[in-house]
Amino acid sequence: MMRQKGLAGCVAIAALALIGLGPAAWAADAPAVLKLGTLYAGSGAFAVPSTSEHEGLKFWVDQVNAAGGTYVKALGRKVRLRLIAYNDRSSTTTAAPLYNQLITQDKVDILVSDFGSVLTSVAVPIAQTHKMLLFDPTGTGAALFSPDNPYVVLCSLPTSAIWPYALADFLKKFEPVRRVALLYATNDFTGSQAATLRERLRGSRVELVYDQGVATNTSNYAVLLHNVEAARPDAVIEFGYANNDIAFLQGLQASGLKFKMVFAIFPGQLFSLLRKNVSEAGLAYTYTYPTPPLLAYNKVNYGPGLEAFLREYRQKRGEDANFLTVAGYNTGLVIGKTLATADKLDQLALRRAVEQFSGKLFTLDGLFKVDRSGAQVGELLPVGQFLPSGNGVKMQVVFPFALATGKPVYPAP
Amino acid sequence: MLKAVLTGVATVGLFALAPVFYANQTLLFSAMMYLVLAQGINVLYGFTGYLPFGYVGFFGAGAYAGALSVLRLGLSPVLALVVGGVVAVLVGVVLVPLLRLSGAYFAIANLAAAQALYYVVSNPDLQALTNGPYGINLAVAYNATASYAAMVALLGLALATVVYLRHSRLGLALRAIREDRISAELAGINVVRERTIAWLLSALLAGLCGAAFAWYISVFYPETVFSLNVSIFAIVFALFGGAATLAGPIVGTLVLYGLYSAIGISQPEYFQLIFGLVIVGLVLFLPDGLASLSERAGFEVP
Amino acid sequence: MLAYTLVGGLLFGLYFGLVALGLNLVFGVMRLVNLAHGDFLMLGAFAAYWAYQLFGLTPVSALAAEVVIFSALGLALYYAVVPRLLASSDPEMLSFILFFGLSQALQALAVIAFGNNPRSIPATVFGRAPVRILGQAFPAAWMVSGVVSVALVLFVYLYLYHSRLGRATRAVMSSREEAMVSGIDVHRVSAAALGVGLMLAAMAGAFSPFMLGSIEPGMGTAVTTVSFTVTVIGTLGEPLGTVLGGLVYGMSLMLMESYLSSWANLLPYLLLIAIMLVRPAGLLARRARYA
């Protein structure tokens, strides 16, 4: 009998160890401070973009607190913010309990998801069940949004299926390009872009002469590059995550092959990472979607302009902001605007507030506009090209023609 | 026997009631999931000595089979759980030849099988069937309470399986084979059949568990349900507590997963390091798990 | 196209042989499954990266430093954990778990020390001009990696077959007990094998930026899996068989990538299972290993 008790005791203690985790919940009735909960990936596949994005959000919180808080209309005064962040190490199985932890244990007032579609995916149903509005900075996968779920808002990037709109138009209108090769990593983010591009080029004068999906963990593009070359394309479009783009551009450099036009996504988003890994020479004449800081939106009616933000960020943090820092910061701005607009603090009131300013908010990340499902359909991504300039490269927007700052250099010398 | 049943009932009861006192249901769910998987590993490793390094293959197969039978065939989620279990057993049947291999060879071949399954399921050429690498959205069937209850029931099943094995002729035969195969054969035990039964039972538990996970989590990608970490966690939890016992994997999972979550939440920067070092220390200083400590002190572990 | 694929497959095959060689040596001598193998390769890759960044050394010149650092690391690791592990009830299985723990710890340390940003050594470090074989242009870095791999395989051959330590090592590989009885210092032999094993992993790491993609703390897990595949195809516990395994793997990977690229990832695993079932002892084995 004693033995049984000993054993039961052992199980009970272990269970208590499990249950007693995490900080004790504190009284949430007097909101002297609003709690923002989020996850970031301290290691693993998404660590680089995720930590940058997280730094951007943190920077916004610090800025708000330094100014004595953010104005909350429902309370009629400024309230300071407290950021609670856990590390999910790029794993969805780790992320799911942590999102739940933020909602049920920390009782956060505002829930912000981690970078990208994969780590956001598990947050969507959890947020919906707990009726929490999920501020989604960069989870752009189409599967995350549906009209019957009001509890998600995509803040800082258009949904990925519409990314290649300008790129497709450019290819169709740019006379010298007739044969296009498409090489993409098979994941939600780049797979949906490939589908859109394919769809938009169909029936045009442009022919898709090579169309190949590869696993997202592909790190050697040597053979694929030769396959692409064999198709004799006028333009090579490579859609992938940052690691794919690095491996692709490195492989291209090492192979000695030359294409007339090469497009990749991440040179426009994580410029300094790409520059470090493939060098300026490897980026010269490459096309990309330029995003801030490579692209400045001049019409800003909320928050700082790009220049002011970059300057302050460099001053306070001692390093340069990249696009994902801007995206994280922009998510903060959207949250700030939501709190300043909503007349109540409940989650659906927050969502209604978002509807109110959707389409009217211009930040350093461009126009904020969401559709009924919460997906971002604001500013479209233009097409730009890196050109050699002194020792480095500079960005030139080449399409849409209305935004263009120069003509594409084609074929690449 | 009584002690084992009591331990099992207490564990299931604990998880059935816990959501009343503790609101992070997902954490409880994950703990149960690893508990079921650790017991599944226990069924195979504890009783036959085969270490299924690619155990996650059954889990992933169950998750996809369950989810797809809801999405493509319109089955009810409960029926889909069964489909998940059955498909995992079928995968187990296909892989029966692996049981001819021993030791590290089996572990590696099993790992390769799980990876192969992952690359088949996530292959873009099969998008029409599995949705390839683009993941599954089961929002239509989402029901946190019902899927939690299903996992509680599954936990009961897993624990009952281990209790049965410890106290049945089958379990006895398996342990005899593990000790000395030749003598067991001479004693008239059908080695191949008994081992195959343990292998398929173990596959069944993982498949059911995968399907329940898919139902609960509702949005997932192939890499979520075929992540090698799932196998490794379950193995480490089972061995930490002590294989071939009922209580060992229970205590192992609760302590280590508790530690994992506690360090992960409060000290995210260093938790992977600490976790790794704990495992190294465990193997060096407590190779037979916590259960051996208790047995050394004179307590028999159920 | 075919010529390109075959020559590329040869170069990669030689390199993959080197990647897996250390893993197989360690298994052959100690019957331990080093799940942290790929993480040692990752550390070797970072060592080469810093040698290039700080001192401008090419990966070839950095090899000397890697030899010293990683063989010392291997010896230390041996005496810290292996004797104790071998004394346990089921060392082969427990080694899985122990080295998994080590792998987690090494990855965490690498993140803490180096951060998560992927890093590269420019492929042009061995010259800009591609090397032409059979009318196809190959990056110079591939050629260098292939040549270094051949040299290191030759080194392992000389070590195993033409040195006293090597003869003792082979005796331990065929039977630890008999070797012990015949007066061989089993610990010394095994420690040396672990030292050489880690050293080979680290040296393979020095060329990983050209062959496997950018260096990052998490790269080891995938490398370990590939190493297992190569090892098993070759013959587990038969170090020189690894070279054959590497060639089979490299060639088939290149052929798949050229002609059926979306299924290329599946190939190594199917190959591994098929070989295990049809010829369970590996392509070169003399011993059966049925359960």
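# A tour of chain B and its two partners

Begin by selecting chain B together with chain A: in this predicted model, the area buried between the two is about 3,800 Å², and carbon and sulfur atoms give 67% of that area. To see which parts of chain B take part, colour α1 (2-21), α2 (25-48), α10 (191-217), α13 (247-266) and α14 (271-285) of chain B, the elements that each give two or more residues to the side that touches chain A. Of these, α13(B) gives the most, with 10 residues. By class, the residues on this side of chain B divide into 30 nonpolar, 12 polar and three charged.

If you now display every residue in contact, the selection should hold 45 residues of chain B and 40 residues of chain A. A search for salt bridges across this interface finds zero, whereas seven residue pairs, with both partners at pLDDT 80 or more, are in polar contact between chain B and chain A.

Next, centre the view on Gln25(B), which is found in helix α2 of chain B. Is Gln25(B) buried or exposed? With a relative accessible area of 18%, Gln25(B) counts as buried, because the limit for that class is under 20%. When residues up to four places away in sequence are left aside, Gln25(B) touches Pro19(B), Ala144(B), Tyr148(B) and Tyr216(B) in chain B, and Asn100(A) in chain A.

Now hide chain A and bring up chain C beside chain B. Here the contact takes 46 residues from chain B and 42 residues from chain C, and the area buried between them is about 4,100 Å², of which carbon and sulfur atoms give 76%. The elements of chain B to colour for this side are α5 (103-121), α12 and α14, each of which gives two or more residues. The most come from α5(B), which gives 12 residues to the side that touches chain C. This side of chain B has 33 nonpolar, seven polar and six charged residues. Between chain B and chain C the count of salt bridges is zero, and two residue pairs, both partners at pLDDT 80 or more, are in polar contact.

Stay with chain B and select helix α12 (residues 228-241), where Phe233(B) and Phe237(B) both lie, four residues apart, or about one turn of the helix. Their rings form a tilted aromatic pair, 5.7 Å centre to centre and with 55 degrees between the planes. Phe233(B) and Phe237(B) are both buried.

For the last stop, turn to aromatic residues more widely: the structure holds 54 aromatic pairs over all chains. One of them, in chain A, joins Phe46(A) and Phe115(A), a tilted pair at 6.2 Å centre to centre with 45 degrees between the planes. This pair links distant parts of the chain, since Phe46(A) is in the loop between β1 (33-40) and α2 (47-66) of chain A and Phe115(A) is in the loop between β4 (110-112) and α4 (116-121) of chain A, 69 residues apart. Phe46(A) counts as buried at 12% relative accessibility, and Phe115(A) counts as buried at 7%. To finish, extend the selection from this pair to Trp163(A), Phe189(A), Phe239(A), Tyr241(A), Phe263(A), Phe266(A) and Tyr289(A), which together with Phe46(A) and Phe115(A) form one aromatic cluster.

How values were computed
Residues are numbered from 1 along each chain as its sequence is written. Chains are lettered from A and ligands numbered from 1 in the order in which they are written. This is a predicted model: local features need pLDDT of at least 70, side-chain atom pairs count only at pLDDT 80 or more; totals for chains, interfaces and linings use all residues. Side-chain values use heavy atoms; hydrogens and water are left out. Contact means heavy atoms within 4.5 Å. Buried area is the accessible area (1.4 Å probe) that two parts lose on being put together, summed over both. A salt bridge is a side-chain nitrogen of Lys or Arg within 4 Å of a carboxyl oxygen of Asp or Glu. A polar contact is a pair of N or O atoms within 3.5 Å; within protein, one must be able to donate a hydrogen and the other to accept it, and residues adjacent in sequence count only if both atoms are side-chain atoms. Ala, Val, Leu, Ile, Met, Phe, Trp, Tyr, Cys and Pro count as nonpolar, Asp, Glu, Lys and Arg as charged, and the others, Gly among them, as polar. Rings of Phe, Tyr and Trp (its six-membered ring) pair if their centres lie within 6.5 Å; planes under 30 degrees apart count as stacked, over 60 as edge-to-face and the rest as tilted. Buried means under 20% relative accessible area, exposed over 50%, partly exposed in between (1.4 Å probe, protein chains only).
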